[in-house]
Amino acid sequence: MAHKNTGVSLIVLLVLQTLWMAASQAQSPANASFRNEISRQESIYQSTGDQVPKGYSIDRSLEDYTRGLTSEFDHALANLGPKDRWLDIGAGKGHAILDYHTPGYDLTRPGGFIQRGKAQSVAISIEDRRSIRWQQEAASHGANKTQYLFSKRLQEYSLQELGKFQVITDVIGGFSYSPNLSEFMEKTLGFLELNGSFFTLLQDVRSEGGANQPFYTGARFLTEITKADGSEMKVCAWLKSITCVEVSCEFTTSWRPPIEAYRVRKVCDNVTVPALTPLLYEAGTPPERRYQIGSSLPAPSGATR
Ligand SMILES: C[S@@+](CC[C@H](N)C(=O)[O-])C[C@H]1O[C@@H](n2cnc3c(N)ncnc32)[C@H](O)[C@@H]1O
(Lines give C-alpha, C1' and ligand atoms only; values in the text may rest on other atoms or scores of the structure.)
Protein backbone atom coordinates (compact mmCIF):
# COMPACT_ATOMS: atom_id res chain seq x y z
CA MET A 1 0.00 0.00 0.00
CA ALA A 2 1.65 3.15 -1.23
CA HIS A 3 0.80 5.24 1.78
CA LYS A 4 2.61 2.76 3.99
CA ASN A 5 5.73 3.10 1.87
CA THR A 6 5.97 6.81 1.41
CA GLY A 7 7.58 7.37 4.70
CA VAL A 8 4.92 9.94 5.40
CA SER A 9 4.51 9.19 9.04
CA LEU A 10 0.82 9.42 9.48
CA ILE A 11 -1.17 9.51 12.66
CA VAL A 12 -4.37 7.68 13.18
CA LEU A 13 -7.32 9.76 14.22
CA LEU A 14 -10.06 7.83 15.97
CA VAL A 15 -12.83 10.24 16.72
CA LEU A 16 -14.89 9.06 19.63
CA GLN A 17 -18.51 9.99 19.70
CA THR A 18 -18.26 11.49 23.15
CA LEU A 19 -15.43 13.77 22.07
CA TRP A 20 -17.42 14.94 19.09
CA MET A 21 -20.38 15.75 21.28
CA ALA A 22 -18.32 17.84 23.66
CA ALA A 23 -19.18 21.47 23.83
CA SER A 24 -15.56 22.35 23.23
CA GLN A 25 -15.65 20.50 19.96
CA ALA A 26 -13.80 23.14 17.97
CA GLN A 27 -10.80 22.89 20.32
CA SER A 28 -10.88 19.09 20.83
CA PRO A 29 -7.76 16.97 20.22
CA ALA A 30 -9.82 14.98 17.71
CA ASN A 31 -10.40 18.07 15.61
CA ALA A 32 -6.78 19.14 15.97
CA SER A 33 -5.60 15.74 14.72
CA PHE A 34 -8.10 15.83 11.90
CA ARG A 35 -6.89 19.25 10.80
CA ASN A 36 -3.32 18.00 11.04
CA GLU A 37 -4.11 15.09 8.70
CA ILE A 38 -5.85 17.42 6.24
CA SER A 39 -2.81 19.66 6.19
CA ARG A 40 -0.49 16.66 5.64
CA GLN A 41 -2.72 15.66 2.75
CA GLU A 42 -2.52 19.17 1.35
CA SER A 43 1.28 18.96 1.30
CA ILE A 44 1.05 15.72 -0.70
CA TYR A 45 -1.15 17.51 -3.27
CA GLN A 46 1.22 20.46 -3.46
CA SER A 47 4.44 18.38 -3.52
CA THR A 48 6.77 18.86 -6.46
CA GLY A 49 10.01 17.32 -7.73
CA ASP A 50 11.65 14.90 -5.31
CA GLN A 51 9.07 15.72 -2.67
CA VAL A 52 6.27 13.91 -4.54
CA PRO A 53 5.66 10.67 -2.58
CA LYS A 54 6.48 7.53 -4.57
CA GLY A 55 2.93 6.25 -4.29
CA TYR A 56 1.32 9.44 -5.63
CA SER A 57 0.64 8.38 -9.25
CA ILE A 58 -0.39 11.29 -11.44
CA ASP A 59 0.28 10.01 -14.94
CA ARG A 60 -1.96 7.00 -15.57
CA SER A 61 -2.84 6.46 -19.22
CA LEU A 62 -6.29 5.93 -20.70
CA GLU A 63 -5.30 2.28 -21.05
CA ASP A 64 -4.74 2.18 -17.26
CA TYR A 65 -8.19 3.71 -16.75
CA THR A 66 -9.75 1.11 -19.05
CA ARG A 67 -8.03 -1.73 -17.20
CA GLY A 68 -9.10 -0.43 -13.79
CA LEU A 69 -12.65 0.80 -14.35
CA THR A 70 -15.63 -1.48 -14.97
CA SER A 71 -15.84 -3.24 -18.31
CA GLU A 72 -18.55 -0.82 -19.57
CA PHE A 73 -16.22 2.19 -19.42
CA ASP A 74 -14.44 1.54 -22.70
CA HIS A 75 -17.75 1.47 -24.63
CA ALA A 76 -19.24 4.42 -22.76
CA LEU A 77 -16.26 6.62 -23.66
CA ALA A 78 -15.92 5.41 -27.24
CA ASN A 79 -19.64 6.04 -27.82
CA LEU A 80 -19.49 9.72 -26.88
CA GLY A 81 -19.99 12.15 -29.73
CA PRO A 82 -18.83 15.75 -30.27
CA LYS A 83 -21.84 17.17 -28.42
CA ASP A 84 -21.15 15.04 -25.34
CA ARG A 85 -18.96 15.85 -22.34
CA TRP A 86 -16.49 13.83 -20.20
CA LEU A 87 -15.30 15.00 -16.77
CA ASP A 88 -12.19 13.41 -15.21
CA ILE A 89 -12.12 14.19 -11.48
CA GLY A 90 -8.63 14.06 -9.99
CA ALA A 91 -6.96 14.02 -13.37
CA GLY A 92 -3.33 14.44 -12.25
CA LYS A 93 -1.38 15.29 -15.41
CA GLY A 94 -4.47 14.68 -17.54
CA HIS A 95 -2.86 11.89 -19.57
CA ALA A 96 -6.11 9.89 -19.92
CA ILE A 97 -7.77 12.87 -21.61
CA LEU A 98 -4.74 13.52 -23.83
CA ASP A 99 -4.70 9.84 -24.87
CA TYR A 100 -8.41 10.01 -25.75
CA HIS A 101 -7.78 12.98 -28.04
CA THR A 102 -4.83 11.32 -29.74
CA PRO A 103 -5.57 10.81 -33.45
CA GLY A 104 -6.27 7.14 -34.02
CA TYR A 105 -7.56 6.44 -30.49
CA ASP A 106 -10.84 5.13 -31.92
CA LEU A 107 -9.02 2.65 -34.13
CA THR A 108 -7.24 1.18 -31.15
CA ARG A 109 -10.50 0.27 -29.40
CA PRO A 110 -11.52 -3.39 -29.44
CA GLY A 111 -13.87 -3.90 -32.38
CA GLY A 112 -12.66 -0.67 -34.07
CA PHE A 113 -15.46 1.66 -32.99
CA ILE A 114 -16.72 4.14 -35.53
CA GLN A 115 -14.98 7.51 -35.32
CA ARG A 116 -17.64 9.86 -33.98
CA GLY A 117 -15.66 12.98 -33.17
CA LYS A 118 -14.40 13.74 -29.71
CA ALA A 119 -16.40 14.73 -26.66
CA GLN A 120 -15.51 17.91 -24.81
CA SER A 121 -13.22 16.77 -21.99
CA VAL A 122 -12.65 18.51 -18.68
CA ALA A 123 -9.85 17.57 -16.27
CA ILE A 124 -10.07 18.67 -12.62
CA SER A 125 -7.21 18.55 -10.17
CA ILE A 126 -6.61 20.32 -6.87
CA GLU A 127 -3.08 21.23 -7.90
CA ASP A 128 -1.85 22.17 -11.36
CA ARG A 129 -0.03 19.11 -12.74
CA ARG A 130 -0.06 20.15 -16.39
CA SER A 131 3.12 19.21 -18.17
CA ILE A 132 4.71 20.29 -21.45
CA ARG A 133 2.80 17.41 -23.07
CA TRP A 134 -0.50 18.97 -21.94
CA GLN A 135 0.48 22.44 -23.14
CA GLN A 136 1.49 21.14 -26.56
CA GLU A 137 -1.28 18.63 -27.24
CA ALA A 138 -4.25 20.41 -25.69
CA ALA A 139 -3.57 23.46 -27.88
CA SER A 140 -3.99 21.29 -30.98
CA HIS A 141 -7.40 19.90 -29.97
CA GLY A 142 -9.34 22.98 -30.96
CA ALA A 143 -11.29 25.53 -28.98
CA ASN A 144 -12.87 24.21 -25.79
CA LYS A 145 -12.29 20.53 -26.61
CA THR A 146 -10.01 20.04 -23.61
CA GLN A 147 -9.98 22.04 -20.40
CA TYR A 148 -7.83 21.69 -17.28
CA LEU A 149 -9.26 23.22 -14.10
CA PHE A 150 -7.29 23.43 -10.87
CA SER A 151 -7.04 25.14 -7.48
CA LYS A 152 -10.47 23.96 -6.36
CA ARG A 153 -11.92 20.64 -5.30
CA LEU A 154 -14.82 19.17 -7.25
CA GLN A 155 -17.12 19.97 -4.30
CA GLU A 156 -16.34 23.68 -4.66
CA TYR A 157 -17.69 24.01 -8.20
CA SER A 158 -21.26 25.00 -9.00
CA LEU A 159 -23.43 23.49 -11.72
CA GLN A 160 -23.27 26.85 -13.52
CA GLU A 161 -19.47 26.66 -13.62
CA LEU A 162 -19.08 23.05 -14.75
CA GLY A 163 -22.34 22.07 -16.46
CA LYS A 164 -23.32 18.41 -16.86
CA PHE A 165 -21.53 15.39 -18.29
CA GLN A 166 -22.48 12.08 -19.92
CA VAL A 167 -19.39 10.33 -18.51
CA ILE A 168 -17.55 11.15 -15.29
CA THR A 169 -14.42 9.26 -14.25
CA ASP A 170 -12.41 9.24 -11.05
CA VAL A 171 -9.33 7.01 -10.88
CA ILE A 172 -7.82 7.42 -7.41
CA GLY A 173 -9.03 11.03 -7.39
CA GLY A 174 -11.66 12.70 -5.20
CA PHE A 175 -13.57 9.45 -4.57
CA SER A 176 -10.43 7.96 -2.98
CA TYR A 177 -9.17 11.17 -1.34
CA SER A 178 -12.16 13.17 -0.06
CA PRO A 179 -12.66 13.26 3.71
CA ASN A 180 -16.40 13.66 3.19
CA LEU A 181 -17.35 10.86 0.81
CA SER A 182 -21.14 11.33 0.87
CA GLU A 183 -20.84 15.03 0.08
CA PHE A 184 -18.39 14.23 -2.73
CA MET A 185 -20.80 11.64 -4.17
CA GLU A 186 -23.77 13.99 -3.99
CA LYS A 187 -21.90 16.72 -5.85
CA THR A 188 -20.60 14.30 -8.48
CA LEU A 189 -24.05 12.92 -9.23
CA GLY A 190 -25.31 16.50 -9.52
CA PHE A 191 -22.90 16.99 -12.46
CA LEU A 192 -24.10 13.81 -14.19
CA GLU A 193 -26.67 13.90 -17.00
CA LEU A 194 -29.65 11.58 -16.76
CA ASN A 195 -28.57 8.15 -18.08
CA GLY A 196 -24.94 9.25 -17.71
CA SER A 197 -22.45 7.12 -15.79
CA PHE A 198 -19.89 7.78 -13.08
CA PHE A 199 -16.97 5.32 -13.28
CA THR A 200 -14.68 5.06 -10.30
CA LEU A 201 -12.76 2.58 -8.13
CA LEU A 202 -11.27 2.05 -4.70
CA GLN A 203 -8.13 0.17 -3.72
CA ASP A 204 -8.06 -2.27 -0.83
CA VAL A 205 -11.72 -2.26 0.12
CA ARG A 206 -14.09 -5.08 1.15
CA SER A 207 -15.62 -6.31 -2.11
CA GLU A 208 -19.31 -6.87 -2.74
CA GLY A 209 -18.70 -10.65 -2.56
CA GLY A 210 -16.93 -10.10 0.76
CA ALA A 211 -14.30 -12.84 0.37
CA ASN A 212 -11.21 -10.59 0.29
CA GLN A 213 -9.11 -9.51 3.27
CA PRO A 214 -7.08 -6.30 3.73
CA PHE A 215 -4.08 -6.42 1.40
CA TYR A 216 -1.45 -5.89 4.10
CA THR A 217 -1.30 -8.32 6.98
CA GLY A 218 -2.41 -6.67 10.19
CA ALA A 219 -3.76 -3.58 8.39
CA ARG A 220 -7.35 -2.61 7.79
CA PHE A 221 -9.10 -1.78 4.55
CA LEU A 222 -8.37 1.71 3.21
CA THR A 223 -12.02 2.78 3.18
CA GLU A 224 -14.44 1.30 5.70
CA ILE A 225 -18.07 2.07 6.53
CA THR A 226 -19.89 0.89 9.65
CA LYS A 227 -23.57 1.02 10.52
CA ALA A 228 -24.82 2.56 13.77
CA ASP A 229 -24.76 -0.90 15.45
CA GLY A 230 -21.05 -1.26 14.57
CA SER A 231 -21.57 -3.84 11.81
CA GLU A 232 -19.81 -3.44 8.47
CA MET A 233 -21.38 -1.90 5.38
CA LYS A 234 -19.61 -2.56 2.11
CA VAL A 235 -18.94 0.45 -0.12
CA CYS A 236 -20.81 -1.31 -2.94
CA ALA A 237 -23.90 -1.69 -0.69
CA TRP A 238 -23.69 1.98 0.34
CA LEU A 239 -23.57 3.05 -3.32
CA LYS A 240 -26.55 0.80 -4.04
CA SER A 241 -28.50 2.54 -1.25
CA ILE A 242 -28.35 5.86 -3.17
CA THR A 243 -31.69 6.62 -4.81
CA CYS A 244 -32.12 7.12 -8.57
CA VAL A 245 -28.96 5.21 -9.54
CA GLU A 246 -28.11 1.75 -10.85
CA VAL A 247 -24.82 0.43 -9.53
CA SER A 248 -22.51 -2.37 -10.60
CA CYS A 249 -19.41 -3.39 -8.64
CA GLU A 250 -16.51 -5.39 -10.08
CA PHE A 251 -13.67 -6.71 -7.96
CA THR A 252 -10.34 -7.31 -9.68
CA THR A 253 -6.92 -8.40 -8.54
CA SER A 254 -5.22 -6.95 -11.63
CA TRP A 255 -3.97 -4.01 -9.51
CA ARG A 256 -1.93 -4.28 -6.33
CA PRO A 257 -3.56 -3.76 -3.89
CA PRO A 258 -6.68 -5.16 -5.60
CA ILE A 259 -9.47 -2.78 -6.53
CA GLU A 260 -13.21 -2.72 -6.67
CA ALA A 261 -14.51 -0.76 -9.67
CA TYR A 262 -17.93 0.91 -9.65
CA ARG A 263 -20.30 2.08 -12.33
CA VAL A 264 -23.03 4.39 -11.03
CA ARG A 265 -25.65 5.18 -13.68
CA LYS A 266 -28.11 7.99 -12.96
CA VAL A 267 -31.61 6.84 -13.85
CA CYS A 268 -33.73 9.66 -12.38
CA ASP A 269 -33.12 13.10 -10.94
CA ASN A 270 -34.26 12.64 -7.36
CA VAL A 271 -30.85 11.48 -6.10
CA THR A 272 -30.43 11.10 -2.33
CA VAL A 273 -27.06 9.98 -0.98
CA PRO A 274 -27.17 8.40 2.51
CA ALA A 275 -24.97 10.54 4.75
CA LEU A 276 -21.64 9.24 6.03
CA THR A 277 -20.01 10.76 9.10
CA PRO A 278 -16.19 10.78 8.85
CA LEU A 279 -14.66 8.99 11.85
CA LEU A 280 -11.06 8.80 10.74
CA TYR A 281 -8.88 10.38 8.08
CA GLU A 282 -5.22 9.47 7.83
CA ALA A 283 -3.32 11.30 5.09
CA GLY A 284 -1.68 9.12 2.43
CA THR A 285 -1.63 8.06 -1.20
CA PRO A 286 -4.50 7.39 -0.94
CA PRO A 287 -5.60 8.23 2.62
CA GLU A 288 -7.16 5.80 5.05
CA ARG A 289 -10.78 6.67 5.87
CA ARG A 290 -13.49 5.38 8.15
CA TYR A 291 -17.11 6.41 8.20
CA GLN A 292 -20.30 5.71 10.06
CA ILE A 293 -23.63 5.66 8.28
CA GLY A 294 -25.83 8.58 9.32
CA SER A 295 -25.33 12.19 10.22
CA SER A 296 -26.14 12.10 13.94
CA LEU A 297 -22.51 12.77 14.83
CA PRO A 298 -21.04 16.19 14.15
CA ALA A 299 -18.24 15.85 11.58
CA PRO A 300 -14.84 17.15 12.64
CA SER A 301 -14.03 20.62 11.37
CA GLY A 302 -12.42 20.49 7.92
CA ALA A 303 -14.30 17.32 7.00
CA THR A 304 -16.11 19.04 4.17
CA ARG A 305 -12.93 19.59 2.18
C1 LIG B 1 -3.16 10.20 -7.22
S2 LIG B 1 -3.62 11.50 -8.31
C3 LIG B 1 -4.47 10.56 -9.57
C4 LIG B 1 -4.29 11.20 -10.92
C5 LIG B 1 -4.88 10.46 -12.12
N6 LIG B 1 -6.26 10.12 -11.97
C7 LIG B 1 -4.05 9.24 -12.41
O8 LIG B 1 -4.56 8.13 -12.17
O9 LIG B 1 -2.91 9.38 -12.86
C10 LIG B 1 -4.94 12.28 -7.38
C11 LIG B 1 -5.60 13.43 -8.10
O12 LIG B 1 -6.86 13.67 -7.46
C13 LIG B 1 -7.01 15.05 -7.23
N14 LIG B 1 -8.05 15.23 -6.20
C15 LIG B 1 -8.12 14.70 -4.97
N16 LIG B 1 -9.26 15.08 -4.36
C17 LIG B 1 -9.94 15.83 -5.25
C18 LIG B 1 -11.19 16.52 -5.22
N19 LIG B 1 -11.98 16.47 -4.16
N20 LIG B 1 -11.56 17.22 -6.31
C21 LIG B 1 -10.76 17.28 -7.41
N22 LIG B 1 -9.58 16.65 -7.50
C23 LIG B 1 -9.18 15.94 -6.43
C24 LIG B 1 -5.61 15.52 -6.94
O25 LIG B 1 -5.48 16.90 -7.04
C26 LIG B 1 -4.87 14.75 -8.04
O27 LIG B 1 -4.98 15.41 -9.28
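**Close-up views of Ser-248, its sheet and the ligand shell**

**View 1. Ser-248 and its surroundings.** Ser-248 is partly exposed because 17 other C-beta atoms lie within 10 Å (20 or more would make a residue buried, 12 or fewer exposed, with C-beta atoms placed from the backbone). This is a predicted model, in which local features need pLDDT of at least 70 and side-chain atom pairs count only at pLDDT 80 or more, while totals for chains, interfaces and linings use all residues. Numbering starts from 1 along each chain as its sequence is written. Setting aside neighbours within four places in sequence, Ser-248 is in contact with Thr-70 and Arg-263 (contact: C-beta atoms, placed from the backbone, within 7 Å). Glu-72 sits 176 residues away along the chain, yet its C-alpha atom is 9.9 Å from that of Ser-248.

**View 2. The strand that carries Ser-248, and its partner.** Ser-248 belongs to strand S8, residues 245–252 (strands are DSSP E runs of at least two residues, helices H or I runs of at least four, numbered from the N terminus). S8 pairs with strand S9 (residues 259–266) in the antiparallel sense over eight bridges; pairing takes at least two DSSP bridges. Follow Glu-246 across to S9 and you meet its bridge partner, Arg-265.

**View 3. The whole sheet.** Seven strands make an open, mixed sheet in the order S3-S2-S1-S4-S5-S9-S8. At its edges are S3 (146–150) and S8, each pairing on one side only.

**View 4. Around the ligand.** Here 24 residues surround the ligand, with Arg-60, Gly-90, Gly-92, Ile-126 and Gly-174 the closest (near: C-beta atom, placed from the backbone, within 6 Å). Strand S2 (120–125) and helix H10 (174–177) each supply at least two residues of this shell.

Terms used
Two residues are in contact if their C-beta atoms, placed from the backbone, lie within 7 Å.
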